[in-house]
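Biologist: Could you take me slowly through one part of this model, the closing strand and what it pairs with, and begin with any places where the backbone takes an unusual turn?

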Amino acid sequence: MPHDFDNQPFQRPAGIAGRLAAPSFVIPAGVAENARFLAGKVDEVGLCLFETRACLSYGPQDLPPDLAALPLRWHAHLPVDLPWPQKSCAAQSGHPARTAANLARQVLEKAAFLAPRCAVLHPPTGSPRMQRCLLAGFAHHWQKHCDVPLLLENVAHSDIFSLGQGFLQDHGLGLCLDVGHLLGYGQKNLLFSQLPEQASLVHWSAPGDGDRHLPLTDFSAQQMQTAASLIPRFCDTAVHMAEIFNWKKLMASLPVLAALLQPHPDR
C-alpha cells in the first residue's frame, strides 16, 4: 500500500555502502511492510523481536515467505522480556537460563527462513556475577541447539566491560555496541576498553536525556566528538544500524553517519 514516505526523495549516502542497516519499524506498519519499504534503501534489516509472547504468535501474515526474496540481509534483536531468574543462579536441574534461551530460540525460529546472520541479546539485570552466570548458561543452551551467532548489547544495567576480560571470547559471544547507550549512560569503562574493536554490529542514535533513540542531528558537540573517536576503532566489516524508529529522522541521520564514517587521516 503506497504511503507518503514513498514520495520523499531518498539518496543513499555513499560512505556506508554495503554496511547500512535499519530496524524493522521505521514506518507505522507491520514487519513485512517495513521490510518492503526498506528494500533498496538499506543493506540489512534488524528484526525487532522485542516481545516474547507477541513474537511467538507470529504467522505467515506477519513474516510472509516472500520476504526472503527481498534484496536484504537480516539480523534479529531477541526479546527484552525474557524470563531471567531474578534472585539466584544456583545450579538446578539443567540451568536457570535454559527457559530464557529456549524461548529466545523459538522466537528466532519464526524468522529462520530469512537466515538471520546474528541475534542480539540484552544482558539480564543483576550483579555482574549474576549476569555472568546467566549469560554463560544462556550461551551454552543457545549454541547447543542453534548456530546463529549471539551478540551481547551494552545497556543501562550492563556495559559488557563489567562481565570481565575475555568473557565474550570464553563463551563464543560477539558484541553489538550501542553508541547511544554508551553516550547516554556515560559508559566510560566500555569506551576506554578494547571492546569497541570487537563490535560486529554498531547501533547509532542520539541518546537525548537517556535512551531516546533520537536522530544523529541531535548529537551534542561532545557526543559528536566521542562518536568520531570511535569510528577508527570499528572493524571495516562492522554493520552500522541507524536504530531510529522513524523514517524521516532516520533519513536525516544518514548524512551525519556517512560523514562520521568517511576516512580521516588525522583520526
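Modeller: Ala115 counts as exposed because its relative accessibility is 58%, and exposed here means over 50%. The model is a predicted one, and in it Ala115 has a phi near 50°, which is a positive value in a residue other than glycine. This alanine belongs to the loop that runs between α3 (98-109) and β4 (119-121). A positive phi also appears at Ile160, again a residue other than glycine, where the angle is near 70°. Ile160 is likewise found in a loop, the one between β5 (150-153) and α5 (167-170). With regard to accessibility, however, Ile160 counts as buried because its value is 3%, and the cut-off for buried is under 20%.

From these loops we can turn to the strands, and to the part you asked about. Eight strands, in the order β1-β2-β3-β4-β5-β6-β7-β8, close into a barrel, and their pairing is parallel. From one strand to the next, the twist averages 25°.

The strand to look at closely is β8, which covers residues 239-242 and has Val239 and Met241 pointing one way, while His240 and Ala242 point the other way. All four of these residues, on either side of β8, are buried. This fits a general pattern, since side chains in a regular strand alternate between the two faces of the sheet.

On one side of the pairing, β8 is joined to strand β1 (residues 20-23) by two bridges, and the two strands run parallel. Within that pairing, Leu20 stands opposite His240 of β8, and Ala21 has Met241 of β8 as its bridge partner. The residues of β8 that take part here therefore include one from each of the two directions, as His240 points one way and Met241 the other.

Strand β7 (residues 199-204) is also paired with β8, in the parallel sense and over four bridges. Here His240 comes up once more, as the bridge partner in β8 of Val202. Between these two strands the chain leaves β7, passes through helix α8 (residues 221-230) and arrives at β8, in a β-α-β crossover that is right-handed. His240 is thus a useful residue to keep in view when you follow β8, with Leu20 opposite it and Val202 as a bridge partner.

Conventions
Residues numbered from 1 in each chain as written. Predicted model: local features only at pLDDT ≥ 70, side-chain atom pairs only at ≥ 80, totals over all residues. Heavy atoms only, no water. Buried < 20%, exposed > 50% of the residue type's maximum accessible area, 1.4 Å probe, protein only. Pairing = 2+ DSSP bridges. Right-handed = clockwise from strand over helix to strand, strands pointing away. Axes fitted to C-alpha atoms, helices over the stretch in contact; angles between N-to-C directions.
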